[in-house]
Amino acid sequence: MGYSEKTVPMSFAPGKDIIVELVPTGVQLSEVVVKPRKEKYSKKNNPAVDFVNRIRNSKEKNDPRRHDFYSYRKYERISTAINDFNASGNYSWLGEKFKFMNEYVDTSAVSGTPILNFMVKEKVADVAYAQNGNRKKETVIGLRQEGIDDIAHDKDASRQVLEDVFREVDIYDNDVTLLQNRFVSPLAKIGPDFYKYYLSDTVVVDGDSCVVLSFVPHTPETWGFIGKLYVPKGDSTMFIKRVEMFLPHTINVNFLDAFTLVQEFEKAPDNSRLKKSDDMIVELSVIPGLPKIYARRNNAYSDFSFDEPVDKSIFNVAPSEIIVADARVKDSDFWNQERLIPLEKGEKGIDEMVRRMRAVPIYYWTEKTVRLLVSGYVHTGNPSKFDYGPVNTSISYNTAEGVRLRAGGMTTANLSKRWFARGYVAYGIRDHKWKYRGELEYSFKDKDYHSREFPVHSLRLTSLYDLDQLGQKYSSTNKDNLFLSLKRMEDTRVTYKRATTLEYTLELLNNFSVVAGASFERQEATRWIPFIDGWGRNFNHYDEASFKLSLRYAPGEKFVQGKTVRLPINLDAPVFELSHTYAPKGLLGSMFTINRTEFKFSKRFWLSAFGYVDAIVKAGHSWSPSPYMDLCLPDANLSYTIQPESYALMNPLEFINDSYASLDFTYWMNGMIFNRIPLIKKLKLREVMTFKCLWGHLSDRNNPAYNKDLFVFPANVYTTAMTSEPYMEISAGIDNIFRVLRLDSVWRLSYRNTPEAPDWGLRISFHLAF
């Protein structure tokens with residue numbers, strides 16, 4: 001055994017201790033598997049279980065958040081690297097032009113293999129708690145980012161994603177949120193039923209003789225840890241001095257090669273546990289054949305205090321994280337003082353390395369291609385004043401238009417930081433019609449790149465002429481998405497809509513938003529959807545001038561800001577949405593009165609070791625006689641892909657209601673069953689179940705059979721009047737097929753044998769998750 005050579009720059013000071021951490025080298029064993037014989041483990045009369053119960057019961061005694069106020073300074077560094085890198089060895093295919101990358105190689109703190117850092121993010125923040133830990137505020141005073149993550153314009157989003165994936169772990173919680181999943185904590189209330197505990201050793205940690213409590217899950221494929229807790233002998237407060245946790249190599253977690261977490265604590269004079277360091281290392285293999293990833297989130301803490309803050313008003317400000325104005329422009333003196341963990345050699349030279357890489361044409365154009373795939377837009381200059389896209393909508397297919405060709409784009413802040421425009425033109429090969437959408441938007445705040453950046457405070461004017469798919473509104477994708485072109489039936493429930501809309505949008509930092517708008521619309525009939533009232537009169541079109549108010553509140557929501565849509569980083573935050581649309585009859589030629597209210601609630605509920613449930617609840621009511629196009633139409637999904645908030649086996653316009661309530665539950669079981677089946681568990685498959693239910697009613701005032709002033713339902717559409725029985729469909733599926741696919745078998749439980757509507761079907765989707 002020996003140690004890898006390491007050069008450390010230092011200045012010698014008499015009497016000062018110098019600690020150099022070395023990586024051991026020597027005989028490399030490929031693998032050693034140690035398996036115990038079958039044991040009779042029992043939690044009854046088990047001193048280790050009694051020991052862990054004593055630790056859990058002491059949680060409140062040494063929790064620093066029990067004080068009225070508690071604060072500290074946190075230094076956080078997240079580094080990502082290519083694992084096992086050698087430009088002259090296993091990466092020699094890169095060629096001579098990339099050999100310079102060996103100059104920036106560091107060493108893995110886990111395996112000792114060479115790593116090449118390509119991104120590093122540093123943050124210094126003051127963290128404060130009040131009201132016994134019920135209120136938390138993090139004030140970021142320094143942010144620094146280097147590397148190739150500028151492929152995405154929203155660098156802050158990549159930081160938030162990484163912080164969410166590699167969250168800080170509190171082992172006293174029942175569940176540990178990590179890798180965007182929930183793991184059972186070794187100190188959870190259900191711990192004695194989930195883990196095996198052992199009092200395995202006594203060792204010295206920082207001069208203290210500590211009892212070592214080891215733990216391992218009963219079923220290693222389930223969502224739990226193996227590890228050790230170090231508790232000083234004879235400590236009546238059951239203070240934990242050190243935590244070491246790992247994930248079993250057989251666990252049903254995607255892409256994971258190795259995981260380690262080491263936390264160290266010190267005891268305050270009042271017995272409060274103060275976390276000194278939190279070091280998490282993850283090694284990943286995302287795609288076979290491509291480079292493996294090494295990620296490290298290394299935190300250090302200082303300046304602990306229980307004093308009342310000078311400015312208590314910070315707890316009344318939203319959001320929970322405040323970034324000071326000059327946080328991103330701190331100089332090197334600031335970082336040299338606040339950086340509690342020295343940078344490695346490769347971490348210091350990332351910017352220089354990236355500049356040298358971009359000087360090589362093959363890398364330059366590869367990065368351009370990746371940027372296109374990530375953003376969906378093509379830059380037209382440097383800097384770009386106009387971006388073309390989204391490219392995935394350039395060609396699609398539907399029954400009315402046949403092949404649909406579309407081209408569009410948007411202006412950027414390089415043209416104007418407050419005035420923005422975006423839009424598209426589209427042409428249908430079958431209907432020979434040109435469609436368009438144009439937006440002109442004024443932002444009351446300067447934008448970094450595009451108009452949709454959070455928070456939005458703007459006035460937007462929109463004009464469009466396009467196909468309107470009745471009863472088909474996709475919440476998570478664009479209707480022109482190429483993958484929606486393949487459908488189980490002809491999509492003929494369509495009209496042409498011409499609309500002009502003026503909208504005012506105000507988004508607050510606490511994730512409360514208001515959208516108020518006025519719109520003038522003209523719906524044009526098609527041969528599939530004619531406008532014929534109960535008196536037999538035929539109309540080519542009808543007009544409506546409407547006003548709409550939408551309120552949305554999502555406390556704690558975090559998302560990735562795209563140029564067109566926002567993708568939630570997680571679904572943990574509750575989301576409340578309330579909207580009302582009103583169109584008075586006779587205003588600017590409006591034929592009908594529209595008076596509709598809708599409500600929506602969504603949230604993810606975690607069930608600890610048993611997975612989680614994504615729940616969506618909706619309700620709505622139409623208060624006035626209105627044409628069926630403006631009533632409460634449930635969203636049908638005609639494609640073979642799985643689409644949230646839509647019904648896979650329902651046809652558009654199959655149910656038309658003026659009052660409705662709906663439930664949408666998706667239960668992700670995370671391998672709760674498959675993890676216990678021999679051989680099957682090696683495939684790391686996961687179970688998923690979905691239940692969707694719709695209650696609805698159509699009153700006589702909105703039924704054209706009783707109100708002849710309304711348009712009759714189309715003759716070629718089979719519309720079913722809902723009874724007291726709700727529409728229900730259920731699915732059972734297999735998730736994590738080849739790590740990326742989900743396949744569902746869907747059954748229709750009620751209103752079966754409806755013409756043109758299937759009672760059963762298979763649906764598929766792309767689902768990438770840890």
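**Figure 1. Trp 419 lies in strand E21, which spans residues 419-428.** The view is taken from a predicted model. Trp 419 has a relative accessible area of 49%. Because exposed residues are those over 50% and buried residues those under 20%, Trp 419 is classed as partly exposed.

**Figure 2. Trp 419 contributes to a nonpolar patch on the surface.** The patch covers about 630 Å². Besides Trp 419, its members are Leu 440, Phe 444, Leu 459, Leu 461, Leu 502 and Tyr 504. At least two residues of the patch are supplied by strand E23 (457-469), and at least two by strand E24 (494-507).

**Figure 3. Ile 55 and Phe 225 belong to the largest nonpolar core of the predicted model.** This core holds 63 residues, and Ile 55 and Phe 225 touch the most other members. Helix H1, residues 47-57, gives the most to the core, with 5 residues. In soluble globular proteins, nonpolar side chains tend to be buried together.

**Figure 4. A second nonpolar core is separate from the largest one.** The second core comprises 21 residues. Among them are Phe 531, Tyr 542, Leu 631 and Val 717.

**Figure 5. Helix H6 (residues 350-358) carries four named buried residues: Ile 350, Met 353, Val 354 and Met 357.** Viewed down the axis of H6, these buried residues fall within an arc of 100 degrees, and therefore they line one face of the helix. The buried residues of H6 pack against two strands, E5 (114-130) and E6 (135-147). They also pack against helix H5 (345-348) and helix H7 (361-375).

Conventions. Residues numbered from 1 in each chain as written. Predicted model: local features only at pLDDT ≥ 70, side-chain atom pairs only at ≥ 80, totals over all residues. Heavy atoms only, no water. Core = buried A, V, L, I, M, F, W, Y, C linked by side-chain atoms within 4.5 Å. Buried < 20%, exposed > 50% of the residue type's maximum accessible area, 1.4 Å probe, protein only. Patch = residues over 30% accessible without salt bridge, like charges linked within 9 Å, V, L, I, M, F, W, Y side chains within 5 Å. Areas by Shrake-Rupley, 256 points an atom, 1.4 Å probe, with all protein chains shown as cover. Salt bridge = Lys/Arg side-chain N within 4 Å of Asp/Glu carboxyl O. Arc of directions from axis to C-beta. Contact = heavy atoms within 4.5 Å.
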